[in-house]
Amino acid sequence: MKFSEAWLREWVNPAITTTELADQLSMAGLEVDSVEPAAPAFNGVVVGEVLTREQHPDADKLSVCSVAIGADAPAQIVCGAKNVAAGMKVAVATVGAALPGDFKIKRAKLRGVESLGMICSASELGLADTSDGILPLPADAPVGADFRDYLLLDDMCIDVDLTPDRADCLSVAGIAREVGVLNRVPLTAPRIDPVTALIDDEFPVELEAPEACPRYLCRIVRGIDPSATTPDWMIEKLRRSGIRAISPVVDITNFVLLELGQPMHGFDLAKLDGGIRVRMAGEGERLGLLDGSEATLRADTLVIADHARPLAMGGIMGGEASGVTAQTRDVLLEAAFFAPLAIAGKARSYGLHTDSSHRFERGVDFNLQHVAMERATQLMLAIVGGRPGPVSEVRSAAHLPLREPIALRRTRVRRLLGVEIDDARITEILELLGMQLDATVEGWSVVAPSARFDITIEADLIEEIGRIYGYANIPASLSSAPVSVAVRPEAEFNLAQAKRLLTHRGYQEAITYSFVAPELAAVLTPGIAPIKLANPISADMSDMRASIWPGLVQTLRHNLARQQTRVRVFESGLTFRRVDGQIEQHPKLAGLVFGEARAEQWGLPARRADFYDIKADLESVLAQVVAADELRFVAAEHPALHPGQSARVLRNGEPVGWIGLLHPAAQRALDLPAGVYLFEVDLVPLRMGRIPKFAALSKFPAIRRDFALLVERGLPYQAVLDCVRDAAPPVVRDIQLFDVYTGDNIDSGLKSLALSLILQESSHTLTDQEVEGAGSVVLAALAERLSAKLRD
């Protein structure tokens, strides 16, 4: 919510500085994002009146103007604007003036004609990004007056970042209420009296969706002046609030939105057919919107329609076909209360976000519509004239929000805030906030105002008391509650330790959204039905992730676009799947490797990372809970992984994850280079491991025996390892593979595996017979089960 400080001080004017005001708002929970000047620094600019305008003798596009600036004699100024004319009031930068951008005004000659100043446009004064001609001022602007003083430009624009629960502060009136309460200063709100109807015309309204729109007001205003213009004071207030002036009727509705917090809309009465119907849209109905886009409506969308077609998306945006134009003479003003749940997320689902939807989906005061209608009518009569009719209201009392009493106990206030606040101060705070109070034995029965959708329980009231009382006034004290330290089981998987290990192995942690693009999900998790978000942040974040891989792949793409050729990233987080109609969450750990196996250096030859690099990284992570004999990598096919380089990760035969090379089809679909390796493991089955047990070191020497075996080329090493472990006697302490060979002197259907057995006894030194016997047992088992034989 951005607003002008000067506008706020018209409503409430405490004796505090701008800095104190900003600090006060932030400490009250209305965080101030920025405080900026309403206009850039400039001086020497005054209000002038163009007395005469003549054509420059030597330039077709220049005019020579005589301009009264409040001095003894008019100033001669050469001007190039097309819209300059005799009788105009304008902003004049006199000789010696300094304009934004450190631009100094000097005496000059333009095509031989002396010019003593410059007639300024809004952009030259920093009041607009672009301008079409000079800035015209009202006819009653005082000649010679300082331009900054005339438009009150020595003002500050305050931008407040409101939390979604404080929709009551999305207006100058709402902020003023807060400032008034904080400083115990009364409000000086503009007087808004009911406007007397001058005509009897009413427009029929049918309320067909009362649960979405419990209250709808409209009023006809006939005979407005289409040539009228928005006054400068309103244009400036809109500009300082971040809204561009468009036309008088539109500017008035925007002004009421900013001032009171009630979104409004104006229809061109001549373009309406029959009457207003507040209904839900028909599936597939189309509506051209004011921003030039066209929306295909869904059946869950509230629309304001006439008897022929939809006119506007309720609470979001008006339609272009029924909008007010420069030719409009008769207007139908609308002010309605739309239920927050009926509007929430609808704008985003159509790729829209408007000031109206921002307010309605958070909650607009359901008793504000009459006041807003009278205020808008009052402003219209003053600016564009016209003859108003009576206010037509249709409402469904059963669907309007109810304000239930909330019991507030003084003992609960003391317990939650930790400070004693007397009853008189509590009563004063709540009454200043607009609450209705009745005293009870234990405290008060409180009814929150209709603007405060965030106050529903006792704790909400206590929060308000603490906020206004001032958190700085609550003394700090140490907690007297007993503190206990949770003991983590020693055998439990330590995610923080796993992250440190991956970091030490060259990975960097990524944190990505749990929402992913449907295109990514379709490529990387094709067999899983997507869970669609009802109100996505954007179209490319509309699916809940079933895997962490989409986020990591997106991270890779981001890095590749920035010339990063070696990427090693990991992420831990929740994934989501729908099972039997319920959404289940699964914590997972995933990683991605691309590029060189090691960072570039002179000591080692460069090589690309491969399957075994990422497998070794995963094995090192799992080693904290999974013993070597429990872990298996079994060749299997995953739709997102290369069929020849993918494996199921098993623990004691139970699947815990996947590892492999990205599938070539996925690689092409995502426009990625080859060589992207991925792993992902579920953390639930890995939660507990085995506690390591101490075994005394043998004081007797270990003996190594090497064997070169010939086995079938397609036989995985894991099968060899399992066979050796099953057959080897206890003296075989370790098995190591130190060479794999295929080539000359080896049959094309075979490969050579070089194994070493490490043998050791804890009670004595092994004899040759024991060593030879252990080797014979292992070789016999390999020959019998795997048809392995010693290589010559």
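Trainee: How many bridges join strand 28 to strand 32, and do they run parallel or antiparallel?

Mentor: Two bridges, and the strands run parallel. Bear in mind that this is a predicted model.

Trainee: Which residue in strand 32 is the bridge partner of Glu 509?

Mentor: Phe 570.

Trainee: What about strand 32 and strand 33, parallel or antiparallel?

Mentor: Antiparallel, with 13 bridges between them. Look at Thr 575: His 586 in strand 33 stands opposite.

Trainee: How many residues lie between the strands in that hairpin of strand 32 and strand 33?

Mentor: Two. Check Asp 580 in this hairpin, which takes a positive phi near 55°.

Trainee: And which strand positions stand opposite each other between strand 33 and strand 37?

Mentor: Lys 588 is opposite Asp 682 in strand 37. Strand 33 covers residues 582-594 and strand 37 covers 676-682. Seven bridges link them in the antiparallel sense.

Trainee: What order do the strands take in the whole sheet?

Mentor: The order is 28-32-33-37-36-35-34. That is seven strands in an open sheet, with mixed pairing. At the edges are strand 28 (508-509) and strand 34 (631-635), each paired on one side only.

Trainee: Which strands does helix 14 lie across?

Mentor: Strand 28, strand 32 and strand 33. Helix 14 spans residues 495-504 and runs at about 145° to strand 32.

Trainee: New topic, helix packing. At what angle do helix 2 and helix 4 cross?

Mentor: Roughly 95°, with the axes coming within 11 Å. Helix 2 is therefore roughly perpendicular to helix 4, as angles of 65 to 115 degrees count that way.

Trainee: Which residues meet there?

Mentor: From helix 2 (18-27), Leu 21, Gln 24 and Leu 25. They meet Ile 175, Val 179, Leu 182 and Asn 183 in helix 4.

Trainee: How many of the contact residues are nonpolar, polar or charged?

Mentor: Five are nonpolar, two are polar and none is charged.

Trainee: Now cysteines. How many disulfides are there?

Mentor: Zero. Take Cys 169: the nearest cysteine sulfur is that of Cys 157, 18 Å away. A disulfide needs the two sulfur atoms within 2.5 Å, so that pair does not qualify.

Trainee: Is Cys 169 buried or exposed?

Mentor: Buried, with a relative accessible area of 0%.

Trainee: And Cys 723, buried or exposed?

Mentor: Cys 723 has 4% relative accessibility. The cut-off for buried is under 20%, so Cys 723 counts as buried.

Note on methods. Residues numbered from 1 in each chain as written. Predicted model: local features only at pLDDT ≥ 70, side-chain atom pairs only at ≥ 80, totals over all residues. Heavy atoms only, no water. Pairing = 2+ DSSP bridges. Helix = DSSP H or I, 4+ residues; strand = E, 2+ residues; numbered from the N terminus. Contact = heavy atoms within 4.5 Å. Axes fitted to C-alpha atoms, helices over the stretch in contact; angles between N-to-C directions. Buried < 20%, exposed > 50% of the residue type's maximum accessible area, 1.4 Å probe, protein only. Parallel < 35°, antiparallel > 145°, perpendicular 65-115°, else oblique. Nonpolar A, V, L, I, M, F, W, Y, C, P; charged D, E, K, R; others polar.
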